[in-house]
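Please look through the structure below slowly, and keep the sequence beside it as you read. The paragraphs after it take a few elements in turn.

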Amino acid sequence: MTTAENEARATVGSDTDTDTDTGAEVELDPALLSVRADYDRVAPAYTDLLRDNLATNWANQAMLRLFADLVREAGPGPVADIGCGPGRITPYLAGLGLDVFGVDLSPGMIEVARREHPGLRFEVGSMTALGLGTHSLAGALGWYSLIHLPDHLVPVALAEFARVVRPGGYLMLAFQHGQQVRHIESAYGYDDLSLDLHRRTAEDFAPLLTEAGFEVFSSTVVAPSNGERESQAYVIARAVG
């Protein structure tokens, strides 16, 4: 995983989102409005920079394979790549045999994902107000997609994950392992961005996952490699609701 990959991940936040079950508009947290706008702008450059990143990142591949194995063992059903960005991880999971689709709040990212992967389903949506039915998923992936959430929205997102993942299904989170907030203004050829990157630890997520209705299956922290400055964390949890 490159440092650039760590600087921006799946987009979250807008004025409103539409609940696809009810058709009602759901107001989203204003703290995240600029995140969607920034990712809409950088979507093409982001995609080009990270296009081949997964192919040489063996730790990422290993963790995704473990997640896919657990989901398949638990039984068939759809899997959501929540905060999918331009769909880099979604086709890899499809290649592992999962019935996967992508969700991202950035219409720009979803436009790229649909163009790059026309055989897969991608839709605009927010992890804090998912337009998915209760217990409708066999699994959910949050691949570096909570790193722009301020602390007060992390439990909201985890509660949504717990609502849509059926009991016995699996959630995997990936994130930079740390305890600080970085503000990014320059990335992907732009110098006027405004992105806060929230570093958290596996220990930070454990009680939040339990409160949301998950039990932690595994927590893995990988030392920095390939030029990374930070360790990377992967937490897999099972829905017990």
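What follows is a walk through a helix, a strand with its partners, and some aromatic rings.

The model shown here is a predicted one, and a good place to begin is helix α7, which spans residues 202-212 and whose buried residues are Ala202, Phe205 and Leu209. Around the helix axis these three cover an arc of only 55 degrees, which means that they lie on the same side of α7. The other side of the helix carries Glu203, Thr210 and Glu211, which are exposed. If you look for what covers the buried residues of α7, you will find that the cover includes helix α6 (154-164) together with the strands β7 (165-177), β10 (214-222) and β11 (231-239). After the helix comes Gly213, whose phi is positive, near 120 degrees.

Turn next to strand β3, made of residues 78-82, which is mostly covered, since four of its five residues are buried. With strand β4 (residues 99-104), β3 pairs in the parallel sense over five bridges, and here Pro78 stands opposite Asp99 of β4. Helix α4, residues 90-95, joins β3 and β4 in making a right-handed β-α-β unit. Strand β3 also pairs with strand β6 (residues 137-143), again in the parallel sense, this time over three bridges, and Asp81 has Leu141 as its bridge partner in β6.

The aromatic rings offer another way to read the fold. A pair of aromatic rings is described by the distance of the centres and the angle of the planes. How many aromatic pairs does a search of the whole structure find? The search finds four. In one of them, the rings of Tyr170 and Phe217 have centres 6.2 Å apart and planes at 85 degrees, and because an angle over 60 degrees counts as edge-to-face, this pair is given that name. The pair links distant parts of the chain, with Tyr170 in strand β7 and Phe217 in strand β10, 47 residues apart. Tyr170 is buried, with a relative accessible area of 10%, whereas Phe217, at 45%, is partly exposed.

A tilted pair is formed by Phe175 and Phe205, with 4.7 Å from centre to centre and 45 degrees between the planes. This pair, too, links distant parts of the chain, for Phe175 belongs to strand β7 and Phe205 to helix α7, 30 residues apart. Phe175 counts as buried at 4% relative accessibility, and Phe205 is buried with a relative accessible area of 3%.

Elsewhere, ring pairs link Trp143, Tyr144 and Tyr234 into a cluster, while the charged end of Arg121 sits over the ring of Phe101, 3.9 Å from its centre.

Technical notes:
Residues numbered from 1 in each chain as written. Predicted model: local features only at pLDDT ≥ 70, side-chain atom pairs only at ≥ 80, totals over all residues. Heavy atoms only, no water. Buried < 20%, exposed > 50% of the residue type's maximum accessible area, 1.4 Å probe, protein only. Helix = DSSP H or I, 4+ residues; strand = E, 2+ residues; numbered from the N terminus. Arc of directions from axis to C-beta. Contact = heavy atoms within 4.5 Å. Pairing = 2+ DSSP bridges. Right-handed = clockwise from strand over helix to strand, strands pointing away. Phe/Tyr/Trp six-rings, centres within 6.5 Å; stacked < 30°, edge-to-face > 60°. Lys NZ or Arg CZ within 6 Å of the ring centre and 35° of its normal.
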